[in-house]
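Let us walk through a protein model step by step. Keep the chain in view as you read.

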Amino acid sequence: LVLAIQLVAALAFPAIARAHAAQSGDGHPGSEEMALAVRNALVLAWTIACAAVAALLVGAPAIVSLLFGWGRMDNSALEQVAAWGRSGAWGLLPQSFLAVALTVLASVGRIRFAVLAYLVALALLVMLGAAGPTGGGALMWCMNAGFVLAALIAWGALGASAWRSWISVRALLAPLCALMVVACVVHWLGSADTAPVLVRDSDLKQAFPLVGSALSAIFVVVVSWFSSPGLRHALRS
């Protein structure tokens with residue numbers, strides 16, 4: 001899932017680089033082209049991140065069973081991995097912002113700020129880890145905090161004008177609201193309490209969470225598609 005977000009940023013690199021070159025050239029102000037390229041990359045990465053979080057909230061136990069439930073881990077270990085996956089999934093949201101910011105920083109020749117962002121995030125993770133939390137779930141939330149901090153530093157290096165020009169709140173709000181709906185439904189139905197099982201002990205019922213996971217991700221994408229012209233433009237481009 002992280003690679004999917006990185007792929008969006010990588011695919012957006014040529015368009016962002018061309019827009020920056022046009023912006024820098026004489027008589028070719030490419031500010032609007034640059035803003036469009038960054039907005040498209042950001043809304044697509046953000047939508048993928050929201051859809052991935054929704055999928056993991058619904059289907060983490062079934063996904064963990066499918067990936068790791070082949071006999072080398074017992075049920076209690078699978079439950080831990082599923083819980084860590086749900087916690088770590090929220091880190092995909094700041095990572096979507098971070099991936100696009102790193103692409104822009106690389107395009108404009110300011111990659112040193114990306115290095116600084118990761119160094120500060122790593123320092124935060126070490127400090128929080130040394131402060132006491134050693135459980136997998138707590139460390140996942142520490143990593144999420146590190147990604148948030150790194151994203152803030154990276155976007156801070158781009159300047160306030162970039163925030164105003166390149167971040168479309170309306171386009172980002174639709175998938176986030178859809179994700180919150182999924183999270184509320186999961187909490188209300190208690191489906192997050194479903195325990196993963198070994199593959200040899202699974203039956204047809206184990207397929208239902210996988211279907212629900214896929215449908216949750218599709219729901220987020222569909223809501224974003226109909227609510228955000230930015231996503232439709234990003235997919236067409």
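The paragraphs below go from the whole chain to its inside, and then to its surface.

Keep one point in mind from the start: this is a predicted model. Begin with the overall plan. The protein chain has 10 helices and 0 strands. Follow the sequence from one end to the other, and the pattern reads α-α-α-α-α-α-α-α-α-α. The chain has 237 residues, and 40% of them are buried. About 12,200 Å² of the protein chain is exposed, and carbon and sulfur atoms supply 70% of that area.

How do distant parts of the sequence come together? Take the contacts between residues at least 6 apart in sequence. Of these contacts, 79% join residues at least 24 apart.

Now go inside. The largest nonpolar core holds 60 residues. Which of them touch the most other members? They are Phe97, Val100, Val104, Trp155, Leu158 and Trp166. Helix H2, which spans residues 31-68, gives this core its largest share, with 20 residues. There is also a second, separate core of 5 residues. Val64, Leu78, Val81 and Ala82 are among its members.

Look at Val100 in the large core's list of best-connected residues. Set aside its neighbours within four places in sequence. Val100 is then in contact with Ala9, Val38, Ala41, Leu42, Ala45 and Trp155. Trp155 appears in that list of best-connected residues too.

Thr103 sits in helix H4, residues 92-107. Is Thr103 buried or exposed? Its relative accessibility is 9%, so Thr103 counts as buried. The cut-off for buried is under 20%. Leave out residues up to four places away in sequence, and Thr103 touches Ala9, Phe13 and Ile16. Ala9 is thus a shared partner: Val100 contacts Ala9, and Thr103 touches Ala9 as well.

Move on along the chain to Ile111. This residue is in the loop between H4 and helix H5 (112-130). Ile111 counts as partly exposed because its relative accessibility is 45%, and the partly exposed class lies between the 20% and 50% cut-offs. Beyond its neighbours within four places, Ile111 is in contact with Leu102, Leu105 and Ala106. Ile111 and Ala154 are 43 residues apart in sequence, yet their C-alpha atoms are 9.3 Å apart in space.

Helix H5 offers a similar case. Leu119 is in this helix. At 53% relative accessibility, Leu119 counts as exposed. Its C-alpha atom is 8.4 Å from that of Ala150, and the two residues are 31 apart in sequence.

Next, the cysteines. A disulfide is a covalent bond between the sulfur atoms of two cysteines. How many disulfides are there? The count comes to 0. Three cysteines show how varied their settings can be. Cys142 is buried, because its relative accessible area is 7%. Cys177 has 42% relative accessibility, so Cys177 counts as partly exposed. Cys184 counts as exposed, at 52%. Cys177 lies in helix H8, residues 169-189. The C-alpha atoms of Cys177 and Ser224 are separated by 9.2 Å, although the two residues are 47 apart along the chain.

Finally, turn to the surface. Which residues form a nonpolar patch there? They are Val211, Leu215, Ile218, Val222, Trp225, Phe226 and Leu235. Together they have about 680 Å² of accessible area. Helix H9, residues 207-227, gives the most to the patch, with 6 residues.

Ile218 is a good residue to end on. Its place is in helix H9, and Ile218 is one of the patch residues. Its relative accessibility is 48%, so Ile218 counts as partly exposed. A patch residue must have over 30% relative accessible area. Ile218 therefore clears that cut-off at 48%.

How values were computed
Residues are numbered from 1 along each chain as its sequence is written. This is a predicted model: local features need pLDDT of at least 70, side-chain atom pairs count only at pLDDT 80 or more; totals for chains, interfaces and linings use all residues. Side-chain values use heavy atoms; hydrogens and water are left out. Patches are made of residues with over 30% relative accessible area and no salt bridge: like charges are joined within 9 Å, nonpolar side chains (Val, Leu, Ile, Met, Phe, Trp, Tyr) within 5 Å. Accessible areas come from the Shrake-Rupley method with a 1.4 Å probe; for residues, only the protein chains shown count as cover. A salt bridge is a side-chain nitrogen of Lys or Arg within 4 Å of a carboxyl oxygen of Asp or Glu. Helices (H or I, at least four residues) and strands (E, at least two) are DSSP runs, numbered from the N terminus. Buried means under 20% relative accessible area, exposed over 50%, partly exposed in between (1.4 Å probe, protein chains only). A nonpolar core is a set of buried Ala, Val, Leu, Ile, Met, Phe, Trp, Tyr and Cys residues joined through side-chain atoms within 4.5 Å. Contact means heavy atoms within 4.5 Å. A disulfide is a pair of cysteine sulfur atoms within 2.5 Å.
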